[in-house]
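Here are my notes for you to read alongside the structure. Keep the viewer open and find each part as it comes up.

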Amino acid sequence: MKKSILFTIILACTLCMQAQTYQPSPEIQQAQREFQDKKFGIFLHWGIYSMLGQGEWVMQNRNINYQEYPKISAGFYPSKFNADEWVQAIKASGAKYITITSRHHDGFSMWNSAASDYNIVKATPFKRDVLKELSEACQRHGIALHFYYSHLDWGRLDYPLGRTGLGTSRPKDQQDWKHYQKFMNDQLTELLTQYGPIGAIWFDGVWDHDSDATPFDWQLRPQYDLIHRLQPSCLVANNHHLVPFDGEDVQIFERDLPGENKAGYSGENGVSKTLPLESCETMNRTWGYNITDSLYKTPKEIIHLLVGAAGRNANLLLNIGPEPNGELPAEAVSRLKAVGEWMGQYGETIYGTRGGEVEPHPWGVTTRKDNRLFVHILDLHDNGLFLPLKNNKVKRACEFVSRKAVKFTRVDGGIVLQLGQKPTDIDYVVELQF
């Protein structure tokens with residue numbers, strides 16, 4: 001076994017044991033339930049990197065010098081940014097919350113931070129606090145706001161060098177963990193005291209120090225406690241690709257639905273039985289704006305992701321990379337509209353549900369709400385479907401939208417839905433009442 005793998009396993013096991021000490025407050029437990037009920041959020045990766053049109057990792061991928069990269073901020077002027085238009089388009093999709101990058105790995109802050117002049121108000125000619133405007137728009141339109149925050153920084157001299165950003169030519173003799181830790185906590189304090197109610201802080205970057213080559217103690221628990229103290233209902237999530245750490249309130253799956261590992265980030269970490277779950281996925285291929293990436297998922301693919309997440313008891317956080325001029329890409333807006341139209345009909349089978357008792361299958365998933373089970377048939381090559389419902393007494397089965405009765409037969413171990421013909425809908429939903 002490689003040493004780096006062994007170190008990761010030991011770290012994960014240690015933190016898993018520590019996690020037993022965290023007892024969520026009543027406020028957090030309520031926030032967790034409300035978060036699960038929302039089911040659908042929109043992720044926004046936006047920063048000065050959008051100007052280069054090569055995604056949010058361009059500083060790392062192109063090994064841009066840490067003294068040269070900040071110069072692009074002098075030309076950042078998103079003249080078409082309109083927070084209300086963003087929020088209205090997102091709300092029309094049926095999404096209930098927004099998660100936006102307050103500060104990504106390049107270290108640029110998208111609000112008027114007193115802890116660093118390297119921000120959108122002080123370092124750009126735009127001089128507007130977009131997070132403040134977005135927060136106010138979210139409150140006007142009834143959308144929850146979450147902040148993504150990077151633990152790592154490719155440009156700051158005090159950030160302890162990890163395994164990324166090594167090509168930016170930062171000196172190695174000015175690292176100062178205590179100073180950097182205070183800087184992060186000062187910024188988090190700003191975000192949680194000056195921008196209204198925040199639903200969650202969504203961390204990323206712990207994996208920058210995840211091997212024996214760069215052993216590191218992030219001291220996360222005190223930081224999590226700070227967040228919970230500043231806003232008692234603010235959830236803590238961390239995209240570290242490991243089992244949940246002590247003090248975390250949500251388990252994240254990047255580019256995967258819970259129980260899958262197609263992207264290679266989930267490994268053998270398992271799926272929490274107690275924490276809310278969230279799957280984040282891109283609408284096209286990249287997170288930040290990429291001028292060459294036009295491979296957007298179809299509305300059908302997005303709906304299947306959303307339904308697949310709900311059937312696995314998870315939320316879907318679907319990403320959009322806004323353009324450098326401040327607009328949401330037209331391709332993204334058109335898909336938001338299409339998903340919203342579908343949610344207008346089928347939202348009741350998603351919002352407020354939990355994963356149904358029938359495990360996910362290649363044909364689809366189930367969601368549950370009180371005494372109703374929604375059978376989401378996504379890909380069935382037959383006109384009948386067996387459901388292993390051993391201990392449930394089905395009173396009635398019907399098509400969710402038309403309310404037309406669906407015949408079913410009781411058999412050993414469950415029931416068989418008699419559909420008459422192979423379903424061809426994007427999501428053919430049968431409602432079972434018990």
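1. Before we start, one term: contact, or touching, means that heavy atoms lie within 4.5 Å. Also keep in mind that what you are looking at is a predicted model.

2. Let's begin with a single residue, Met343. You'll find Met343 in helix H9, which covers residues 330–346. Leaving aside residues up to four places away in sequence, Met343 touches Ser93, Gly94, Leu306, Ile350 and Tyr351.

3. Is Met343 buried or exposed? The cut-off for buried is under 20% relative accessible area. Met343 has a relative accessible area of 4%, so Met343 counts as buried. If you want a sense of distance, try Arg103: Met343 and Arg103 are 240 residues apart in sequence, and their C-alpha atoms are 31 Å apart in space.

4. Now look at two helices, H4 (residues 83–92) and H5 (residues 130–141). They pack with their axes 8 Å apart, at an angle of about 45 degrees. What do we call an angle like that? Angles under 35 degrees count as roughly parallel and those from 65 to 115 as roughly perpendicular. H4 and H5 are therefore oblique to each other. The crossing, where H4 passes H5, is right-handed.

5. Who makes this contact? On the H4 side there are Ala83, Asp84, Trp86, Val87, Gln88 and Lys91, and H5 brings in Glu133, Leu134, Ala137, Cys138, Arg140 and His141. Sort the residues of the contact between H4 and H5 by type and you get 6 nonpolar, 4 charged and 2 polar.

6. Next, the sheets. One is an open sheet of 5 strands, in the order S9-S10-S11-S16-S13, with antiparallel pairing. Which strands stand at the edges? They are S9 (354–355) and S13 (396–399); each has a single partner strand, so one side of each is left without a neighbour in the sheet.

7. Walk across that sheet pair by pair. S10 (residues 364–369) and S11 (residues 372–377) are antiparallel and share 6 bridges; here Val365 has His376 of S11 as its bridge partner. S11 and S16 also pair in the antiparallel sense, over 6 bridges, and Arg372 stands opposite Gln433 in S16. Finally, S13 is joined to S16 by 4 bridges, and the two run antiparallel. In this pair, Ala397 has Leu432 of S16 as its bridge partner.

8. Stay with S16 (residues 428–433) for a moment. How many of its residues are buried? The count is 6 of 6, so to speak a clean sweep. Both faces of the strand are covered: Tyr428, Val430 and Leu432 are buried on one side, and Val429, Glu431 and Gln433 on the other. Notice that Glu431, on that second side, is among the buried residues.

9. There's another open sheet to find, with 3 strands in the order S12-S15-S14 and antiparallel pairing. Its edge strands are S12 (384–387) and S14 (407–411), each of which pairs on one side only. From one strand to the next, the twist averages 20 degrees.

10. Last stop: the pairing of S12 with S15 (residues 414–418). These two strands are antiparallel and share 4 bridges. Pick out Phe386 and look across to S15, where Val416 stands opposite.

Definitions and conventions:
Residues numbered from 1 in each chain as written. Predicted model: local features only at pLDDT ≥ 70, side-chain atom pairs only at ≥ 80, totals over all residues. Heavy atoms only, no water. Axes fitted to C-alpha atoms, helices over the stretch in contact; angles between N-to-C directions. Parallel < 35°, antiparallel > 145°, perpendicular 65-115°, else oblique. Left-handed = near helix turned anticlockwise from the far one by under 90°. Nonpolar A, V, L, I, M, F, W, Y, C, P; charged D, E, K, R; others polar. Pairing = 2+ DSSP bridges. Buried < 20%, exposed > 50% of the residue type's maximum accessible area, 1.4 Å probe, protein only.
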